[in-house]
Amino acid sequence: QTGDVRLIISDAKEEDQGKYTVRAKNAAQTVEEQTVVNVSAQLSFTETLQDVDVVSGQNITLTCRCQGIPKPSIKWYQNDVELKSTTKQKIESKSDGTQTLTVNRVDLTDGGKFKIVATNDQGTITSECQVNVLMKPKIEGKVQDVQVVIGEPAQLNVKVSGVPKPDIQWLKNGQPFEIDNQRIKLVQKDDVYSLVFESTIIDDKAAYTLKATNKAGDVESPKSNLNITSVQPKIKTDLQPTLSVTKDEPITLTIQADGKPKPQVKWFKGNDEILPDQVGVQIIDEGENTYKLIIEKSTEKDQGDYTALVQNTGGQVKSKKTAVSVTKIPEFVIKPEDTIVKQGDTATIECQIDALPLPKITLLRDGKALTPKDGIEHTFDAATRRLVITVKNARVDQTGIITCKLDNSVGSAEASFKLNVSAAPVISKGLTDQECLIDKELRLTIVTSASPVPTVKWYRDNVELPNLGTKVNDDTFELVIPNVKPDDQGVYKAVVSNELGEKETQCKVTVLEP
């Protein structure tokens with residue numbers, strides 16, 4: 001045995017420090033020794049302060065743990081201002097080194113940088129944290145309904161408070177919607193959030209709400225109703241009562257009308273709507289409240305009554321009626337041609353005409369209108385514009401220049417053709433026997449008709465007498481012998497012929513001597 005005595009204290013604590021005495025005692029005597037034990041520990045935070053968010057009105061407790069021997073003194077600071085325990089804020093230190101700062105019903109003034117400072121003989125240490133006091137978004141004041149005329153600007157305003165500044169979302173009838181930041185824009189000024197419509201359309205009519213969200217929560221505003229009203233169309237320049245255009249030229253109808261929203265225009269002919277996809281039709285919105293219907297190439301079927309129906313969401317108005325007439329100066333598309341017909345046959349002369357309105361048709365010969373008694377008639381098919389001139393049981397006296405005249409309200413036209421009725425010769429006045437004194441004049445005369453014009457040959461005793469006959473007029477032919485001689489006595493014959501046939505007449509001439 002060595003006589004050594006030991007006292008071992010495991011996990012020494014601050015309370016273990018002090019004066020220790022060791023006493024040895026036996027029957028002979030008692031002895032003792034003393035020693036002073038000092039316990040020390042490094043000053044440190046085993047748990048530090050942590051940043052924290054707290055909603056205004058709630059309580060907050062900041063906690064950390066500090067160790068050190070000797071026991072440090074503790075001070076709390078907010079934004080570098082020392083804090084003391086009050087009814088609002090309570091500072092506590094526990095035996096295990098836990099330090100707490102409790103703040104009741106925090107408000108915005110209770111936010112900021114918090115710091116704890118621990119100090120003992122070894123020195124000073126600190127721990128810091130940031131306290132963010134949050135305010136749940138709140139709708140300030142009342143929202144207002146807004147009413148505007150379509151096309152005008154509109155603005156919905158909602159005032160919102162909250163910390164941190166909330167994120168904003170506008171809802172349309174309770175649903176998110178697209179905001180293009182062109183026609184519809186978001187504007188913020190201070191705590192007022194605005195939904196701005198540069199130009200309203202009918203689809204903008206709805207109930208709008210604003211939803212504000214931050215870390216503390218969210219809130220949705222009461223409904224703000226945006227009411228869009230319309231202005232019924234009004235016709236400023238109406239259709240003219242009548243319009244006359246030349247066939248194949250365009251028909252242009254124009255009206256001027258305004259309204260909000262901008263009206264749509266439908267065009268009608270009678271009760272039938274004119275659709276924009278029809279060939280040759282243009283329906284044009286020229287801007288500046290001007291609307292046009294253009295039919296590029298007018299025809300007879302385009303005649304009629306036209307109207308326009310102007311409408312928008314505010315109502316509709318009907319234009320006055322315009323009566324469109326399509327005209328054309330008479331024209332021979334296919335002219336009548338010269339015609340040859342045999343006597344007694346029927347001749348048909350066809351031509352094609354165009355005119356609006358339909359023309360009056362007159363047939364003339366030598367400037368005189370023909371009548372049914374003249375045996376020349378006409379028929380006209382209005383649908384095909386086919387004109388047929390008919391000569392029934394043609395007669396030679398109908399031969400000549402026939403003029404067809406067309407007249408309507410916008411003009412007239414003429415076309416002529418030659419009608420030639422061909423016939424074999426007919427002798428209406430033949431030769432008769434004659435007696436003639438010697439040295440006197442002998443005159444033989446016949447009257448004949450034929451077409452084409454016949455040739456007449458004269459004979460004496462079947463011997464042709466060339467260059468003696470003459471033509472008096474269209475139907476009269478003569479043979480004249482100025483001084484009759486005995487040799488001129490005999491049988492005379494006149495032969496009348498054309499390509500269709502021939503006729504002859506004869507007589508006996510006796511020469512007398514005084």
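**Cysteines, pockets and domains in a predicted model**

Cys 66 is buried, with a relative accessible area of 5%. The structure examined here is a predicted model, and the sulfur of Cys 66 lies 6.8 Å from the closest cysteine sulfur, that of Cys 64, which is too far for a bond. A second cysteine, Cys 404, is likewise counted as buried, its relative accessibility being 0%. In the case of Cys 404, the closest cysteine sulfur belongs to Cys 351 and stands at 5.3 Å, again too far for a bond. A disulfide is a covalent bond between the sulfur atoms of two cysteines. For such a pair to be counted, the two sulfur atoms must be within 2.5 Å, and because the separation from Cys 66 to Cys 64 is 6.8 Å and that from Cys 404 to Cys 351 is 5.3 Å, neither pair meets this cut-off. In the structure as a whole, the number of disulfides is zero.

Cys 66 also appears in the description of the largest pocket, where this residue, together with Gln 67, Gly 68, Ile 69 and Ser 95, lies nearest the centre among the 20 residues of the lining. The space within the largest pocket amounts to about 480 Å³. Two strands, β3 (residues 41-47) and β5 (residues 60-69), each supply at least two residues of this lining, and the greatest contribution is that of β5, which provides five residues. By chemical character, the lining of the largest pocket comprises six nonpolar, seven polar and seven charged residues.

The second largest pocket encloses about 240 Å³ of space, and its lining is made up of 15 residues, of which Gln 278, Val 281, Ile 295, Lys 301 and Asp 302 lie nearest the centre. Here the largest share of the lining comes from strand β25 (residues 272-274), which gives three residues. The lining of the second largest pocket divides into seven charged, five nonpolar and three polar residues.

With regard to the overall arrangement, the domain assignment of the protein gives domain 1 as residues 141-229, domain 2 as residues 232-328, domain 3 as residues 335-423 and domain 4 as residues 430-512. When the centres are taken over C-alpha atoms, domain 2 and domain 4 are separated by 81 Å.

Definitions and conventions. Residues are numbered from 1 along each chain as its sequence is written. This is a predicted model: local features need pLDDT of at least 70, side-chain atom pairs count only at pLDDT 80 or more; totals for chains, interfaces and linings use all residues. Side-chain values use heavy atoms; hydrogens and water are left out. Domain bounds come from an automatic or database domain assignment. Buried means under 20% relative accessible area, exposed over 50%, partly exposed in between (1.4 Å probe, protein chains only). On a 1 Å grid over the protein atoms alone, a cavity is a set of points where a 1.4 Å probe fits but cannot get out, and a pocket is an open set with protein on both sides within 12 Å along at least five of seven lines; lining residues have an atom within 4 Å of a point. Grid points are joined across faces, edges and corners, and a volume is the space filled by probe spheres set on the points. Helices (H or I, at least four residues) and strands (E, at least two) are DSSP runs, numbered from the N terminus. Ala, Val, Leu, Ile, Met, Phe, Trp, Tyr, Cys and Pro count as nonpolar, Asp, Glu, Lys and Arg as charged, and the others, Gly among them, as polar.
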